[in-house]
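Please open the model in your viewer and keep the selection panel at hand. The tour starts at the ligand and then moves outward to the whole chain.

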Amino acid sequence: MNQALATDIAIRNAIIDLERVNVTFGGEKNKTVALAETSLRIENGEFVALVGPSGCGKSTILKLVAGTLSPSEGHIFVTGREIGANDVRIGMAFQNPTLLPWLNIRDNVMMPLKIVPPFKRDFARKKSGEYRDRAEALLAKVGLSGFGDKFPWQLSGGMQQRASLCRALIHDPTLLLLDEPFGALDQFTREELWEIMQTLWIERRPTVLLVTHDLKEAAYLATRICVMQARPGRIIDDSVVPFARPRTIDVSFQPEFVSLTQRLRERIVAARAVHEVQP
Ligand SMILES: Nc1ncnc2c1ncn2[C@@H]1O[C@H](COP(=O)(O)OP(=O)(O)OP(=O)(O)O)[C@@H](O)[C@H]1O
Ligand SMILES: [Mg+2]
């Protein structure tokens, strides 16, 4: 097989492949280049963290991959086909838990099974048996046994966030898109959820794209960290995170961990400084 063809096949096997993507918003006068010539390739089972200053295009990348936003230029392939051409099972969680207040926690968690094929076909038949057990098992994994009958407003913010992670994972997504899901939590709850997230990722191995402002979170959870820069938004650093798993919070005190997060921090600070001197 020639080299070009082998490379092409390997690229098409990537779960996510952004090829020289540009995204611009607005017209000529108020144009914002949200992403410029951005390429990003993520293999099956990777856990990639996107970090960078506010407005650098992190959420824009998630929206492109989820198919809710189209690029102005370039191509996006998800599981080898151009976005929109195939059904990819995606799970999502955000900074805000966004649970439906009129449904109890179990029904909130089961919601994707009601919507996503092939589960939705059997929802009416399995919702009080198999699907319910599936939701309860996942709730138990995040420390919410016995809370299935409660309503979102009866739970703390951290508990609601755990439930929203269950909802993101209930349908065994190929791809998990997380936009600062731990951002609104206190440090201890956040670290607890990192551990839970890591366990779920090791057990199920979805491909994860995590947006975060927290470099410690990125280095604890991810296999790779991509640093972005704003105006125009683009990736300026792509580093592998080498620490063995399962990682405990103690890893964050190791010199290699500290020097990695420090180096990434310096990258972001330098990128911000460049941006500040531009008009
Ligand atoms: N619908 C839109 N219309 C116009 N401009 C937009 C739109 N969505 C995003 N932008 C602009 O695109 C750029 C990237 O936005 P994006 O939301 O991806 O940033 P981000 O990195 O997620 O920031 P944050 O860390 O604050 O969430 C910003 O300059 C933003 O103002
Ligand atoms: Mg964002």
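Select Cys56 together with ligand 1: in this predicted model, a polar backbone atom of Cys56 is 3.2 Å from an oxygen atom of the ligand. Move next to Gly57, where a polar backbone atom is 3.0 Å from an oxygen atom of ligand 1. Then display the side chain of Lys58, which places an N or O atom 2.8 Å from an oxygen atom of the ligand. On its own, ligand 1 has 640 Å² of accessible area, and the protein covers 63% of that.

Now extend the selection to the shell around ligand 1. Besides Cys56, Gly57 and Lys58, the shell includes Phe25, Thr32, Ala34, Ser54, Gly55, Ser59, Thr60 and His213. Sorted by class, these residues are three nonpolar, seven polar and one charged.

Which secondary-structure elements each supply at least two residues of this shell? Colour strand E2 (32–42) and helix H2 (58–66) to see them. H2 gives the most, with three residues.

Finally, show the protein chain as a cartoon. Nine helices and 10 strands appear along it. The C-alpha trace spans about 55 × 45 × 45 Å along its principal axes. The radius of gyration is 20 Å, which agrees with the value near 19 Å for a compact globule of 279 residues.

Switch to a surface display to finish. The accessible surface of the protein chain is about 13800 Å², and 52% of it belongs to carbon and sulfur atoms. Of the 279 residues, 49% are buried.

Notes. Residues are numbered from 1 along each chain as its sequence is written. Chains are lettered from A and ligands numbered from 1 in the order in which they are written. This is a predicted model: local features need pLDDT of at least 70, side-chain atom pairs count only at pLDDT 80 or more; totals for chains, interfaces and linings use all residues. Side-chain values use heavy atoms; hydrogens and water are left out. A residue is near a molecule or strand if one of its heavy atoms lies within 4 Å of it. A polar contact is a pair of N or O atoms within 3.5 Å; within protein, one must be able to donate a hydrogen and the other to accept it, and residues adjacent in sequence count only if both atoms are side-chain atoms. Accessible areas come from the Shrake-Rupley method with a 1.4 Å probe; for residues, only the protein chains shown count as cover. Helices (H or I, at least four residues) and strands (E, at least two) are DSSP runs, numbered from the N terminus. Ala, Val, Leu, Ile, Met, Phe, Trp, Tyr, Cys and Pro count as nonpolar, Asp, Glu, Lys and Arg as charged, and the others, Gly among them, as polar. The radius of gyration is taken over C-alpha atoms; the globule rule is 2.2 Å times the number of residues to the power 0.38. Buried means under 20% relative accessible area, exposed over 50%, partly exposed in between (1.4 Å probe, protein chains only).
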